[in-house]
Each structure stands twice: as C-alpha cells, then as structure tokens.
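Please look at the sequence and the model below, and keep both in view while reading. The paragraphs that follow go through the structure one part at a time.

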Amino acid sequence: MIQNISPEVFDNHFPDHEMTSPSPYDTVFAYDGRTILVRKAEDGTLAFPGAGEVIARGHAAAELIYLFSIDEKHFFLFTSFDKGSMPLELEGYTYEKNSVLRAAAPRDLRFAAVTGYHLYVWYRDNRYCGRCGHEVSYSRTERALVCPQCGNTIYPRLNPAVIVGVTRGDSILMTRYAGREYKGHALVAGFCEIGEALEETVAREVLEEVGLHVHNIRYYKSQPWGFEQDLLAGFYCEADPDEEIMLDKMELAKARFVPREEIGDEDADLSLTAEMIMRFRDGLE
Ligand SMILES: [Zn+2]
C-alpha cells in the first residue's frame, strides 16, 4: 500500500526551529488545484524541485513550509495559496494531474507527494478562522493554525471513510464508479457520517450503494489516502443470501459479484482496495 515505504521511515513530528528552514537539496512540493509541479524523466519517473532552485528563482525561504521527513530527506510545501501569490513556475517543470503520482517511482516520493497534497489542501482552505473570520497564523509549537484574534486552533483534518469487501461464497462484490476520473475496479466505499461507528458506515454504505444487507462485519487494515484527505478503514463482510443487487446509479456505474478465478492482477502496491481484492482472490479471506 502507498504508506508502506519500509525500510525508510516517515516522520511527521512537528520540527524544532532549525528544520523549518530549507537546505538547497530539500524537496519542494508545489501544487495548483489538483495538479503538482513535476519533471518527468524519459522512463516515466518523476522528480520534484529542490529548495535551492525555488530560492534561486527569487522566492523567500519563508514561502516554504516544512512538511515532514522520510529518513534524512526533508520535504517542504510552496505556499502558493497565500493572498495574491501565483503558482510556482520553474523551467523544466510542469504541473501534472495528481493521478501521475499513482505510477510514480520511487515509492517514498510518491507517498510524500500524496501526503503533502493532503496538507496543501488543509493549509489552502484554512487561511481564515471559521469562528471569527480573522486571518490565521502558523503555530510555532505544533502542526496547527491559530487565530490571533480569538485563539481558535485548527488542526489538520482527516476524513474517515470505509472500503468494504462484500463477499458471497467464493465471490466478492466489485464496482465501478460513475462519473469519476478513476476507471479501475473498486469496492463499495463511503464516508463516515457524524454520529456513526465505522461498522455502521459499512452496513449503511452497502445498503445505499447496492441494496444489500450484510453481516459478519470485520476490520482488516487502514490506509492514509492524501488524494482525498481520507483515512480509509478496510472491512470485509458477507452479504445476506438471496438478495438482489439494487444499484445506486448516482454513485456506481456497475456492481457484480466476481468469482475468485475471474479476478485479474490489481496494483496492490498502491491501494488498500487492490490489496483487499487480491487477498480475497488468493483465498486468504
Ligand atoms: Zn478567530
């Protein structure tokens, strides 16, 4: 899965002050909407600008916010969301859709860029206090935004969501989303509503999307998914016998129970969804 970068270690503890100023070879992520500034090599691998290149272009080091580290590599965010500033432009780099990150090697950079996007969206969308409307400041002691007017503290937001492997005998329910860029196989999935436990989200989403009641709901694994600012929790469950699929056509283009032997290879290297499909195919669930 995307977060598995072992033996390298992701470190997102809030830094001491020295680490908050970039060195020339530290990596900078610059996003513009759902795109990221990259340089594509001939072999398809992606490279990102170094802080030295950005500063040489006339930007101040203060425009770069420390994000996190992976081993000795430090990552910074270009703050293009501040009032009046333009997206970063650098020769040799272009803005590409975030989906290029799905295939980008090496793994540690892919995970870093997707996680950086999660923080970019949070910084960009929280420039003003939701309580009093004043412009917020960066906390110097923790990963938070603080309102100097009323003291409101805003922490990065995660959206909990579930991925559900609904099984019936030797088949698993595979879906395709309606009206989304991603065209691969999916499982039933949805966001946790306020007041709900995750297991209740599972039962509700399956009923809403495909009209089936389920039992034996059990937790499998979780995954951070910065593409959508999610924390995904994977569950397996069993469909009650003899119920017909009733598709929610707003959400899904297709849904059917696929027998193990018909399931092809999925890229389990990236997503929890694919890992769960492969695990079922291989008889481990
Ligand atoms: Zn405020």
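In this predicted model, a good place to begin is strand β6 (residues 64-70), which is joined to β7 by six bridges, the two strands running antiparallel. Within this pairing, Ile65 stands opposite Leu77 in β7. The hairpin of β6 and β7 has two residues between the strands, and in this hairpin Asp71 takes a positive phi near 50°. Strand β7 itself, made of residues 73-78, is mostly covered, since five of its six residues are buried. Strand β7 also pairs with β2, in this case in the parallel sense and over three bridges, and here Thr27 has Phe75 in β7 as its bridge partner. As a general point about strands, the side chains of a regular strand alternate between the two faces of the sheet.

From these strands the reader can turn to the aromatic rings, of which the model contains 15 pairs. One of them is formed by Phe29 and Phe48, an edge-to-face pair with 5.0 Å from centre to centre and 90° between the planes. This pair links distant parts of the chain, with Phe29 in strand β2 (residues 27-29) and Phe48 in the loop between β5 (46-47) and α1 (51-56), 19 residues apart. Both Phe29 and Phe48 are buried. Ring pairs also link a cluster, whose members include Phe29, Phe48, Phe75, Phe111, Tyr117 and Tyr120.

The next element to find is helix α2, which covers residues 107-125. At 1.5 Å a residue, its 19 residues should span 27 Å, and the end C-alpha atoms are 28 Å apart, which agrees with that expectation. Is this helix enclosed by the rest of the structure or left open? Because 16 of the 19 residues of α2 are buried, the helix is largely enclosed by the rest of the structure. Trp122 and Tyr123 form a tilted aromatic pair, 4.7 Å from centre to centre with 55° between the planes. Trp122 has a relative accessible area of 4% and Tyr123 one of 5%, and since buried means under 20%, both values place these residues among the buried ones.

Further along the chain there is a metal site, so which residues hold the zinc ion? The protein donors are the SG atoms of Cys129, Cys132, Cys147 and Cys150, which lie 2.3 to 2.4 Å from the zinc ion. The angles among the four donor atoms are 100 to 116°, and the site is tetrahedral; for comparison, the ideal angle for four tetrahedral donors is 109.5 degrees. In sequence, the donor residues follow the spacing C-x2-C-x14-C-x2-C. Cys132, in the loop between α2 and β9 (137-138), and Cys147, in the loop between β10 (145-146) and β11 (153-154), are 15 residues apart and link distant parts of the chain. Cys132 is partly exposed, with a relative accessible area of 38%, whereas Cys147 is buried, with a value of 1%.

The strands named with these loops form an open sheet of three strands in the order β9-β10-β11, with antiparallel pairing. Its edge strands are β9 and β11, each of which pairs on one side only. Two bridges join β9 and β10 in the antiparallel sense, and Tyr138 has Leu145 in β10 as its bridge partner.

Finally, the whole protein chain is divided into domain 1 (10-125), domain 2 (128-156) and domain 3 (159-281). The C-alpha centres of domain 2 and domain 3 lie 36 Å apart.

Key
Residues are numbered from 1 along each chain as its sequence is written. This is a predicted model: local features need pLDDT of at least 70, side-chain atom pairs count only at pLDDT 80 or more; totals for chains, interfaces and linings use all residues. Side-chain values use heavy atoms; hydrogens and water are left out. Helices (H or I, at least four residues) and strands (E, at least two) are DSSP runs, numbered from the N terminus. The expected span of a helix is 1.5 Å times one less than its number of residues. Buried means under 20% relative accessible area, exposed over 50%, partly exposed in between (1.4 Å probe, protein chains only). Donors are N, O and S atoms within 2.8 Å of the metal (3.2 Å for Na, K and Ca); water is not among the atoms, so sites may look incomplete. Four donors count as tetrahedral if all angles lie between 85 and 135 degrees; four count as square planar and six as octahedral if opposite donors are over 155 degrees apart and all others between 65 and 115; anything else is irregular. Domain bounds come from an automatic or database domain assignment. Two strands pair if DSSP finds at least two bridges between them. Rings of Phe, Tyr and Trp (its six-membered ring) pair if their centres lie within 6.5 Å; planes under 30 degrees apart count as stacked, over 60 as edge-to-face and the rest as tilted.
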